[in-house]
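Visitor: I would like to learn how to read a few features of a protein model, beginning with the way its strands are arranged. Could you take me through them one at a time?

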Amino acid sequence: MISRRNLIKSGLLFSSLSSWQLLAQEEKPSQLFASAFSLNSQQHFFTVFNEEGKVSWQQALPDRAHAPIVHPTKALIAVVARRPGFYLDIYDIQTGSRVLRLTPEENHHFYGHGLFSADGRKLITQENHYPSGEGRIFVRSLESGQVIQQFPSYGIGPHESSLIDENILVIANGGLKTHPENDRRILNLDSMQANLAFISLATGELINKITLPANLHQLSIRHLDVNSKGKVALGFQYQGDEWDDVPLIATADMTSKAFELLDLPMTTKRRLKQYCGSVTFDQSGHTLAVSSPKGGIVVYWDMKTNQFIGQHNYQDVCGISPTSNKNEFLITTGRGKRIFVNPITGDKNTLANTPNWRWDNHIHRLPS
């Protein structure tokens with residue numbers, strides 16, 4: 001529970017925090033990145049580091065985390081516990097101090113992802129109501145931490161979400177019904193049905209929902225990204241037989257009636273091992289990167305020509321973030337590697353390795 005005293009304290013801290021713009025003026029401009037990592041099954045951390053690999057700060061976490069959340073205006077960064085998640089921590093970028101810890105509503109858990117509203121005043125999380133298996137969206141006041149709005153996700157297993165614009169949320173409903181008592185056990189394998197839902201933040205009403213055909217119902221949609229033109233890219237995780245030939249990457253937009261399935265070369269598709277991790281556009285929105293930690297591969301797609309353009313091979317690779325440079329990404333692995341890559345030019349630049357640091361699934365670049 002969050003006490004009234006802590007709510008008042010956090011509200012004052014939020015109001016006094018620097019903006020990203022002021023922070024950039026006060027300090028030497030540098031790209032900053034945020035990610036969680038683990039040293040072992042008991043030691044978990046959240047850290048911010050610069051483009052040279054130097055750590056700005058790190059904080060211990062109670063359990064493994066999944067994805068950072070970047071505030072649009074204030075110098076704030078949050079991280080969400082890995083599914084089934086029961087904490088969400090918010091930090092002051094300048095000091096590394098935690099300003100607020102949120103917990104899910106009763107009989108709910110987080111899914112490892114969330115986001116701030118476009119105006120930065122609200123925090124949006126997707127949660128599992130595990131007694132029923134229903135996916136729900138919660139909107140909290142950032143200043144108070146209190147729930148001010150809630151509505152269905154229009155599916156089961158809502159995982160990653162993003163904003164199409166300031167009023168429309170797109171959410172990947174993974175389709176997997178689980179319970180925190182044994183979270184890796186899928187309770188609805190035969191009947192699962194993932195979907196991509198577009199929801200009005202103002203009313204909570206469903207605007208559009210895209211589902212896969214019945215023969216692909218065991219494809220789970222987990223991760224997505226949206227470029228400036230409103231194109232949604234998404235990666236699948238297949239729950240059927242490993243030798244089945246199924247699509248693993250697709251795109252859509254708010255008016256789509258069906259997914260546009262991207263066709264990879266068969267040898268590359270097999271390398272993905274039926275599992276996509278991070279899905280990320282570069283800063284231009286023209287180059288798409290999708291990782292597979294199970295396959296040890298990152299694949300790239302040119303969205304202008306709609307063509308596969310290449311791959312990189314790194315063991316246990318998952319985290320991908322765009323950088324400030326066109327066509328460039330920073331990728332992280334569970335083997336402690338951090339590598340800047342450009343699939344168009346072929347350039348690679350490896351930061352100092354931290355072999356004992358098992359970088360978690362997602363990494364985000366901070367505004368600069």
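Guide: This is a predicted model, and we can start with strand pairing, which is read from the bridges between neighbouring strands. Strand S8 (residues 108-116) and S9 run antiparallel and are joined by six bridges, with Phe-116 standing opposite Leu-123 in S9. Five residues lie between the two strands of this hairpin, and among them Gly-120 takes a positive phi near 80°.

Visitor: To which strand is S9 joined by eight bridges?

Guide: That partner is strand S10 (residues 134-141), which runs antiparallel to S9. To see the register, one can follow a single bridge, such as the one that pairs Ile-124 with Val-139 in S10. S9 and S10 also form a hairpin, here with four residues between the strands, and Gly-133 in the turn has a positive phi of about 85°.

Visitor: Why is strand S9 described as largely enclosed?

Guide: The reasoning rests on accessibility, where a residue counts as buried under 20% relative accessible area. Seven of the eight residues of S9 (residues 122-129) are buried, and therefore the strand is largely enclosed by the rest of the structure.

Visitor: How many disulfides are there, and how should I read the cysteines?

Guide: A disulfide requires two cysteine sulfur atoms within 2.5 Å, and by this rule the count is zero. Cys-276 is in no disulfide, since the nearest cysteine sulfur, that of Cys-318, is 9.9 Å away. Seen from the other side, the sulfur of Cys-318 has its closest cysteine sulfur in Cys-276, at 9.9 Å, which is too far for a bond. As for accessibility, Cys-276 is buried with a relative accessible area of 0%, and Cys-318 also counts as buried, at 6%.

Visitor: Is Gln-94 buried or partly exposed, and where does it lie?

Guide: Gln-94 is partly exposed, with a relative accessible area of 35%, and its place is in the loop between strand S6 (88-92) and strand S7 (98-102). For a sense of distance, the C-alpha atoms of Gln-94 and Gln-239, which are 145 residues apart along the chain, are separated by 42 Å.

Visitor: What should I look for in the largest pocket?

Guide: For a pocket, one reads the volume, then the lining, and then the elements that supply it. The largest pocket holds about 1200 Å³ of space, and of the 43 residues that line it, Val-70, Ser-162, Asp-225, Val-226 and His-364 are the closest to its centre. Several strands each supply at least two lining residues, including strand S4 (65-70), S8 and strand S16 (219-226), while the largest share, six residues, comes from S12. The lining divides into 19 nonpolar, 17 polar and seven charged residues.

Visitor: How is the lining of the second largest pocket divided?

Guide: The lining of the second largest pocket has nine nonpolar, 18 polar and twelve charged residues. This pocket holds about 780 Å³ of space, and among its 39 lining residues Arg-82, Arg-184, Tyr-275, Lys-294 and Asn-361 lie nearest its centre. S28 gives the largest share of the lining, four residues.

Visitor: How many cavities of 30 Å³ or more does a search of the whole structure find?

Guide: The search finds one, with about 50 Å³ of space. Arg-83, Tyr-111, Gly-157, His-159, Gly-174, Leu-176 and Arg-222 line this cavity, and these residues divide into two nonpolar, three polar and two charged.

Technical notes
Residues numbered from 1 in each chain as written. Predicted model: local features only at pLDDT ≥ 70, side-chain atom pairs only at ≥ 80, totals over all residues. Heavy atoms only, no water. Buried < 20%, exposed > 50% of the residue type's maximum accessible area, 1.4 Å probe, protein only. Pairing = 2+ DSSP bridges. 1 Å grid on protein atoms, 1.4 Å probe; cavity = no way out; pocket = protein on both sides within 12 Å on 5 of 7 lines; lining within 4 Å. Points joined across faces, edges and corners; volume = space filled by probe spheres on them. Nonpolar A, V, L, I, M, F, W, Y, C, P; charged D, E, K, R; others polar.
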